[in-house]
Amino acid sequence: MIELDFLCSSEAIMPLVGQVDEYIFIVRRGVTVHLSDNALHRMRQVARMTGASVVYSDYYERRDGLLSPHRLIDCSRGGVLRDDFDFGHLMLVDSRALESALASVQRHYDYAAFYALRLALSRQGKVVHCPELLYASEGVSGGGSQFDYVDPRNRAVQVEMEQACTEHLKAVGAWLEPEFRKVDLSGSWPVEASVVIPVRNRVSTVADAVKSALSQEAPFRFNVIVVDNHSTDGTTEVVASIAAADDRVIHIVPESDTLGIGGCWNRALTDSQCGKFAVQLDSDDVYSDTSVLTRIVDEFYRSNCAMVVGSYMLTDFDKNPIPPGVIDHREWTDANGRNNALRVNGLGAPRAFFTPVVRDILFPDTCYGEDYAMGLAVSREYRIGRIYDVLYLCRRWEGNSDASLSLDRLNANNLYKDTLRSWELEARINLNRDRHEA
């Protein structure tokens, strides 16, 4: 057994070199692990049955003297790309796979050595999840804030994580060169831009969102498409009242009552009144000023891109900034942004789309990850324009759909995004293969 920080330097993993045992067990440093009877035997057994390079298991967490099960999820090819994937606190590693993996990690890392190592291990064999509670843990828990990866204090860590991910994508044939398809932004549309607001039961915030969109000052015609997903709390009446007073508001109640957020977006995109550019505004949030729509549209023409992503400020309900403050995704580059997108959990906000491109793709009809799926699909072939000034106030409050999520809900969300990563990884490998054969 070897103790190791999961965020560590290349020097820290040197104790792993030269091990002769068939299997090595890596324990997260700072966590006390109490093994159940035959736990190590079971992990070795699973490794031998599956030929895995890595095996990890579910476990119990002990807090205040109480034990509670901590369930993990299967690690797909897409899941291994996520640098915050939860493997628990104990991992079995095949020593032969370990030696090959260590030999393939050529770059020196101050922080991302173990991330680079486990990516390399995934190239040696299967990463297998044993859904059995094989140990109990006490001490520092894994995980952190969903915004850790964009906290500027973690910038040096993220640079290395991107380097490690890039090397892995190149090794598996999924890395994309910075070459993009051109988009034809000409043509006649009902309006130049449409602000799209999907909403269900947000009576306390939807008026702020719609009025923020209507307050935009632009040298072109725009409208606001509110897709009201069968609200029951008075939202429908609020939107109808605003629409009656301003014909720029298109109030749509879909025929289907089973749509997710992605389905509501598709209903707006395919509507005959949708503009050339479709610009996101969540029903909880507001734009930072009256110039946002103009700046986004200008960026489409400046960059000849199919999607634009801005920056936002996290605030409380009353629009007071809260940590970590500005989320600007400055890690994005034209050269490598769409590759690094497979590692991180999102591309940022507000998001805007060239309507013909996204009409062809369409959003998955889900209530989580639909925006991430679209961003990955667009970036596979098209340039994404970036605006690093704050365009958007993202209000956090107890009514947010991602507030106080349970472990089961977090696992389901992560599993879905990992599935999207896996599919996108295969699509990019196939795209590179087709280009090479051509």
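A crossing of two helices is right-handed if the near helix is turned clockwise from the far one by less than a right angle, and left-handed if it is turned anticlockwise. Keep that in mind for the first exercise. The structure used throughout is a predicted model.

**Exercise 1. Two helices that cross**

Describe how helix α2 passes helix α3, and list the residues that make the contact.

*Solution.*
Step 1: Locate the helices. Helix α2 covers residues 95-104 and helix α3 covers residues 113-124.
Step 2: Look at the axes, which come within 8 Å and cross at roughly 125°. Angles of 65 to 115 degrees count as roughly perpendicular and those over 145 as roughly antiparallel, so α2 is oblique to α3.
Step 3: Decide the hand. The crossing of α2 past α3 is right-handed.
Step 4: Find the contact residues. From α2 come Ala97, Leu98, Ser100, Ala101, Leu102 and Ser104, and from α3 come Leu117, Ala120, Leu121, Arg123 and Gln124.
Step 5: Sort them by class. The contact of α2 with α3 holds seven nonpolar, three polar and one charged residues.

**Exercise 2. A residue between the two helices in sequence**

Work out whether alanine 112 is buried or exposed, and which residues it contacts outside its sequence neighbourhood.

*Solution.*
Step 1: Place the residue. Alanine 112 sits in the loop between α2 and α3.
Step 2: Check its accessibility. The relative accessible area of alanine 112 is 0%, and the residue is therefore buried.
Step 3: Search for contacts, setting aside neighbours within four places in sequence. Alanine 112 is then in contact with Cys8, Glu160 and Met161.
Step 4: Try one distance. Alanine 209 is 97 residues away from alanine 112 along the chain, and their C-alpha atoms are separated by 40 Å.

**Exercise 3. A covered helix and its partner**

Determine how many residues of helix α11 are buried, and how α11 packs with helix α12.

*Solution.*
Step 1: Count along α11, residues 370-379. Nine of its ten residues are buried, leaving this helix mostly covered.
Step 2: Name the buried ones: Glu370, Tyr372, Ala373, Met374, Gly375, Leu376, Ala377, Val378 and Ser379.
Step 3: Turn to α12, residues 407-437. The axes of α11 and α12 lie 10 Å apart and the packing angle is about 10°. Since angles under 35 degrees count as roughly parallel, α11 and α12 are roughly parallel to each other.
Step 4: Read off the contact. Tyr372, Ala373, Leu376, Ala377 and Ser379 of α11 meet Lys417, Leu420, Arg421, Glu424 and Arg428 of α12.
Step 5: Classify. The contact of α11 with α12 has five nonpolar, one polar and four charged residues.

**Exercise 4. Arginine 82 and cysteine 130**

Find the element or loop that holds arginine 82 and cysteine 130, and list their contacts beyond four places in sequence.

*Solution.*
Step 1: Arginine 82 belongs to the loop between β5 (66-70) and β6 (90-94). Its relative accessibility is 3%, so arginine 82 counts as buried.
Step 2: Beyond four places in sequence, arginine 82 is in contact with Ile73, Tyr115, Arg118, Arg343, Asn345, Asn414, Asp418 and Arg421. Arg421 is also one of the α12 residues that meet α11.
Step 3: Cysteine 130 is part of strand β7, residues 127-139. With 4% relative accessibility, cysteine 130 counts as buried.
Step 4: With the same kind of exclusion, cysteine 130 touches Val46, Val55, Tyr56, Ser57 and Asp58.

**Exercise 5. Backbone geometry**

Identify where proline 324 and proline 350 lie, and say whether the peptide bonds leading to them are cis or trans. Then do the backbone check for histidine 230 and histidine 329.

*Solution.*
Step 1: Recall the background: most peptide bonds are trans, and most residues other than glycine have a negative phi.
Step 2: The bond from proline 323 to proline 324 is cis, with omega near 0°, and proline 324 lies in strand β14, residues 321-327.
Step 3: The bond from alanine 349 to proline 350 is cis as well, with omega near -5°. Proline 350 is in the loop between α9 (337-340) and β15 (351-354).
Step 4: Histidine 230 has a positive phi of about 60°. This residue is in the loop between β9 (222-228) and α6 (235-245), and at 25% relative accessibility it counts as partly exposed.
Step 5: Histidine 329 has a positive phi of about 50°. Its loop runs between β14 and α9, and at 3% relative accessibility histidine 329 counts as buried.

Notes
Residues are numbered from 1 along each chain as its sequence is written. This is a predicted model: local features need pLDDT of at least 70, side-chain atom pairs count only at pLDDT 80 or more; totals for chains, interfaces and linings use all residues. Side-chain values use heavy atoms; hydrogens and water are left out. Axes are lines fitted to C-alpha atoms, for helices over the stretch in contact, and angles run from 0 to 180 degrees between N-to-C directions. Helices (H or I, at least four residues) and strands (E, at least two) are DSSP runs, numbered from the N terminus. Contact means heavy atoms within 4.5 Å. Ala, Val, Leu, Ile, Met, Phe, Trp, Tyr, Cys and Pro count as nonpolar, Asp, Glu, Lys and Arg as charged, and the others, Gly among them, as polar. Buried means under 20% relative accessible area, exposed over 50%, partly exposed in between (1.4 Å probe, protein chains only).
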